[in-house]
Amino acid sequence: MLWRCTWTSFFSAPKRIFSALPLVSHRYLSSHTVCVSVTQKTQKIFPENLDPDFPKGSKVILSHCSVHCTLLNCSSDLIALSFFLWCAKQPNFFHDRVAIEHMVGVVSRLVERYKTVKGVVWELGKLGCVAKARTFLLLLRICWRGGMNNLILEVFEEMSSYGFTPNTFARNVIIDVLFKIGRADLAMKVLRETEVPNFLTFNIALCNLCRLKDLFLIRETFRMMLQMGFYSNLETHEMVLNCFCKMGKIVEAYQVLGLMIAFGTPASVNIWSILIDGFCRLGRFDTAVELLGKMVEIGLSPTVVTYTSLIRGFLKSHMVSDASLILHLMESRGCTPDLVFCNVLIDCLTKLGRCDDAVDVFLDMLRRKIAPDSYTFCSLLSPICLSGMFSLAPKLVSGILVEADQKLCNSLLSYLCKAGFPCLAIKLYDDMLDRGLRPDEYTFAALLSGLCRSRKIDQAINVYHWIVMNYPTQDPHIHTIVVDGLIKAGKFHGAIRVFRKAVADGYPLDVISYTVAIHGLFKGGRIGEACSLYDRMKEVGIAPNAYTYNVMLSSFCKEKDVKKVQWILQEIISARIKLNYDNFSRLFSFLHSSCHSNSVIGLLVEMRNLDLIPARVMHVLNGHVRVVKVDEYSYNLLEGYLDSDLLVDTSGSEDHSDVVASVG
């Protein structure tokens, strides 16, 4: 919102204030200092000190353009920092924002090279640049501009170690950083101990406290500020008022408004809009509408921000007709909707289940040439998918001609495939390429998984072959998606062909890839090949995981193959893997129906001792173990290690559910 933008821009004002100090107009530097080439020697940068040919007593004339040009052409970052510090010592010269921002990268690289701020200061000393208070103040200013909070604390500490007393500027920086890193207690301590604070000191504190919504400390800081004779400007009043209104503290908001009146500060359109938004948040719409009327009476024109607050409030309270009246009022007064207004409308309408109306707002945005952003599409995608109104997909995609980022396009690809519009998804993919967006693994994953889920297997295979041909270095996930899609479509042999070709072509595959392929072989009735692939996976250095063992044990139990069950249980014990509850249920069902369960009982006891049996399995129904066909000794052994309440649930979930979750 507009008032949020005002708050944000004002919050960054401290940096701009310091970089916009009054500057004296100068001519360009002489030939000794203008745009020093990287091939020139260091002494050419500091003519009056180091160059013997520089006329004694000559006055150096600096300009921002020449200084920045020289910084760009310095032969090293250390020399650039030395030159920057030297320029700052010259009479009537102050570095501008461009130079400060350039030095952010320079200082960052220097600290990375010399490990610490102390190391950088030491290297400066070797060049004859003696550390002074100004050195640390400039470093603070650079790090503050770059948001390098850890370095700011380090500079501050190093400054103290040299015996320099931090001035108000340095303390302002530290207050801001301490708030930013979550140490509001220390920030307030520094604020209270600052002997000569200025307006900026309190403004920094108020900005951060409003962000933290700390009502008590906002009051304290505001009181301290007034007691020391500093009066808030309009921007500060707006910031604090906005904070109170968002917190629902209308009484406190009116107190701020009273201070504004007492100080003679006129109420701006933003102030009125903030108050209207505050009452809308509290559901006091009568007061909000009354304020809108008074605002017009005194000659102030409500902005789109004002109307946005009212319409959002009405829609969130399901007062659609009232919101419609405000919308007509807004249009009658010639107030033009903006992106935020449209996004709010779309978001509120979709949450009310009025997806058609939301799409109409979206199409109206395109007619008005208001470019949608990621928030616009995200607001539309989720509710349309949840409501199953996939018929709206073509309307939605008609707006994709606007600029969209990579993440948004990936989401839309997945959505279109789920909605049953694979052709539109492929068209969107082509549009991405035409717009110069480079597809990534998420793009391919969204497209392939969407096509597979919509049972467009042939199209998925064609897209997959095109991907691996043009982008051969793909993540294992891409191959796994296609194999899994073929298995779910019942095309087990096709799945194995794709997997084997991926192996033969040397594509990277992981344990999930192998597990999905093993599952496909079991589904296709090729048990021997599944066991061979399991052995092959271990040979190439890929360790099976719980998913792998769950798939194999489930399949062997279904086949009632005692030897294979015994073998895979031994593998599980060796790997110290705890199986899931469903597979143990299947295992007990297998034991009920098997006449050769004695060999398995000992393995179960061993797994019990190794804590590889799920806790849910340890509650056995009374007498249930008796139905297991084992001899008396094995029964007693099993009963001794298992509780008397085993709840055997043979229904279980799909044996491949864990793998599916991983492939997703």
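## Starting with one residue

Is Glu193 buried, partly exposed or exposed? Glu193 counts as partly exposed, because its relative accessibility is 43%, and the partly exposed class runs between 20% and 50%. Keep in mind as you look around that this is a predicted model.

Glu193 also has a partner: it forms a salt bridge with Lys189, and the closest N and O atoms are 2.8 Å apart. Both residues sit in helix H11, which covers residues 184-193. They are 4 residues apart, or about one turn of the helix. Lys189 is partly exposed too, at 43% relative accessibility.

## More salt bridges

Why do such pairs turn up? Side chains of opposite charge can pair when their charged atoms come close. Searching the whole structure gives 22 salt bridges.

One of them links Asp185 with Arg183, where the closest N and O atoms are 3.2 Å apart. Asp185 is partly exposed at 48% relative accessibility, and Arg183 is partly exposed with a relative accessible area of 36%.

Another salt bridge brings together the side chains of Glu529 and Arg526, at 2.9 Å from N to O. How accessible is Glu529? Glu529 comes out at 29%, so it counts as partly exposed. Arg526 has a relative accessible area of 18%, so it is buried, as buried means under 20%. Elsewhere, Asp277, Arg281 and Arg312 are joined into one network by salt bridges that share partners.

## A buried threonine

Now find Thr135, which belongs to helix H8 (residues 133-146). Its relative accessibility is 6%, so Thr135 counts as buried.

What does Thr135 touch, leaving out residues up to four places away in sequence? Its contacts are Leu85 and Val130.

## Two helices side by side

Two packed helices are described by the angle between their axes and the distance between the axes. Try that on helix H31 (residues 527-539) and helix H33 (residues 562-575): their axes come within 13 Å and cross at roughly 15°. H31 and H33 are therefore roughly parallel to each other, since angles under 35 degrees fall in that class. The crossing of H31 past H33 is left-handed.

Which residues make the contact? From H31 come Cys531, Tyr534, Asp535 and Lys538, and these meet Lys564, Trp567 and Glu571 from H33. Sorted by class, this contact has 3 nonpolar residues, 4 charged ones and no polar ones.

Note on methods:
Residues numbered from 1 in each chain as written. Predicted model: local features only at pLDDT ≥ 70, side-chain atom pairs only at ≥ 80, totals over all residues. Heavy atoms only, no water. Salt bridge = Lys/Arg side-chain N within 4 Å of Asp/Glu carboxyl O. Buried < 20%, exposed > 50% of the residue type's maximum accessible area, 1.4 Å probe, protein only. Helix = DSSP H or I, 4+ residues; strand = E, 2+ residues; numbered from the N terminus. Contact = heavy atoms within 4.5 Å. Axes fitted to C-alpha atoms, helices over the stretch in contact; angles between N-to-C directions. Parallel < 35°, antiparallel > 145°, perpendicular 65-115°, else oblique. Left-handed = near helix turned anticlockwise from the far one by under 90°. Nonpolar A, V, L, I, M, F, W, Y, C, P; charged D, E, K, R; others polar.
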